[in-house]
Amino acid sequence: MKYIRHDLIKIKMNRRIFATATLLALTIIGRAVFKTNAGNAVANTTSSKTLPLAKLQKNTLNEVSGEFCIKLTLHRQDSSWTVVNTTELTAAELHQPEYLKTFKTGFSEPDSSQLIKLTSPVREYLYYRKQAILNQDVSKLWLRYPELKQNIALNHKYQSVKALDSNIEPEKYERLKVKVAGDVAEAIIHGTESYLYQPSN
């Protein structure tokens, strides 16, 4: 009877030793596998980050920006207004305070009714002007505003870059100023514009 009990104890101990040894072996194997996978993960992460980073550096966008001051002449057609002429100051003219002051003489901030009527056509003009610069194509601008075909300034503006996107702040320097006389209105917008482009090199 004692021998049987002794054998049972030995069997139980052997089972515990076997279980412990198995657990220890699995732990060691698990750590080794984890370490290998972790190493691969680091390598993979590094390589996956390196390629897009190199690509990003290659495709980094630059920005060109500047101030503008444009005088728009609008005619009333039925109940709406449309742009029929524009005068845009050059960079040199913008930095001559007396010239700028003379350019704006007689203009004032619109009253609420004028603001409602003139803001929309002014912003529409800026939209078509922006598209002409982004696409380096003035045809849609001329199609919308045939009277502006004599204005060739846009044909040369930002021609050195192929812009991908832009941002225009038409009232960066001052609020919209207008001068209204019957069916003719003039509006001055004095703001900034910036264009994102990808360098050719």
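Right after helix α4 ends, Gln 136 takes a positive phi of about 50°. This is a predicted model, so keep in mind that the angle is a computed one. Gln 136 sits in the loop that runs from α4 (112-135) to α5 (139-144). With a relative accessible area of 33%, the residue is partly exposed. Why is a positive phi worth a second look? Most residues other than glycine have a negative phi.

There is another residue of this kind further up the chain. Asp 78 has a phi near 60°, again a positive value in a residue other than glycine. Asp 78 lies in the loop between β1 (62-77) and β2 (80-88). At 79% relative accessibility, Asp 78 counts as exposed, because the cut-off for that label is over 50%.

Now step back to the whole chain. How many helices and strands does the chain have? There are 5 helices and 5 strands, and from the N terminus on they run α-β-β-α-α-α-α-β-β-β. Of the 201 residues, 27% count as buried. The accessible surface comes to about 14000 Å², with 58% of that belonging to carbon and sulfur atoms. If you take the contacts with a separation of 6 or more, 70% of them are between residues 24 or more positions apart.

Back to α4, the helix that leads into Gln 136. α4 has 24 residues and reaches 35 Å from its first C-alpha to its last, close to the 34 Å expected at 1.5 Å a residue. There is a kink along the way: about 30° at Leu 118, shortly before the proline Pro 121. Both Leu 118 and Pro 121 are buried, and the buried residues of α4 also include Val 122, Tyr 125, Leu 126, Arg 129, Ala 132, Ile 133 and Leu 134. It helps to recall that an α-helix has 3.6 residues a turn, so residues three or four places apart point the same way. What do the buried residues of α4 pack against? Their partners are β1, β2, α5, β3 (163-169), β4 (177-181) and β5 (184-197).

One name on that buried list deserves a closer look, and that is Arg 129. Arg 129 counts as buried because its relative accessibility is 0%. Which residue does Arg 129 form a salt bridge with? The partner is Glu 88, and the closest N and O atoms are 2.9 Å apart. The pair links distant parts of the chain, with Arg 129 in helix α4 and Glu 88 in strand β2, 41 residues apart. Glu 88, at 24% relative accessibility, counts as partly exposed.

The count of salt bridges comes to 7. Among them is the one between the side chains of Glu 174 and Lys 177, at 3.1 Å from N to O. Are these two buried or exposed? Glu 174 counts as buried at 18% relative accessibility, and Lys 177 is likewise buried at 18%. Another salt bridge joins the side chains of Glu 186 and Lys 179, at 3.9 Å from N to O. Here Glu 186 is partly exposed at 22%, and Lys 179 is partly exposed with a relative accessible area of 34%. Elsewhere, salt bridges that share partners join Glu 88, Arg 129 and Glu 193 into one network.

Next, strand β5, which holds His 190 and Ser 194. His 190 counts as buried, at 5% relative accessibility. Leaving out residues up to four places away in sequence, His 190 touches a long run of others, including Glu 67, Phe 68, Cys 69, Leu 94, Leu 100, Lys 104 and Pro 170. Glu 174, the salt-bridge partner of Lys 177, is also one of the residues that His 190 touches. Ser 194 is buried too, at 14% relative accessibility. With the same neighbours left aside, Ser 194 is in contact with Glu 63, Val 64, Ser 65, Asp 165, Ser 166 and Asn 167.

Last stop: Tyr 99, found in helix α3 (residues 97-103). At 37% relative accessibility, Tyr 99 counts as partly exposed. Which residues does Tyr 99 touch, not counting those up to four places away in sequence? They are Leu 89 and Glu 93. Tyr 99 and Leu 89 are 10 residues apart in sequence and 9.7 Å apart in space, C-alpha to C-alpha.

Notes:
Residues numbered from 1 in each chain as written. Predicted model: local features only at pLDDT ≥ 70, side-chain atom pairs only at ≥ 80, totals over all residues. Heavy atoms only, no water. Helix = DSSP H or I, 4+ residues; strand = E, 2+ residues; numbered from the N terminus. Buried < 20%, exposed > 50% of the residue type's maximum accessible area, 1.4 Å probe, protein only. Expected span 1.5 Å × (residues − 1). Bend = angle between axes of the 7 residues up to and from the residue. Contact = heavy atoms within 4.5 Å. Areas by Shrake-Rupley, 256 points an atom, 1.4 Å probe, with all protein chains shown as cover. Salt bridge = Lys/Arg side-chain N within 4 Å of Asp/Glu carboxyl O.
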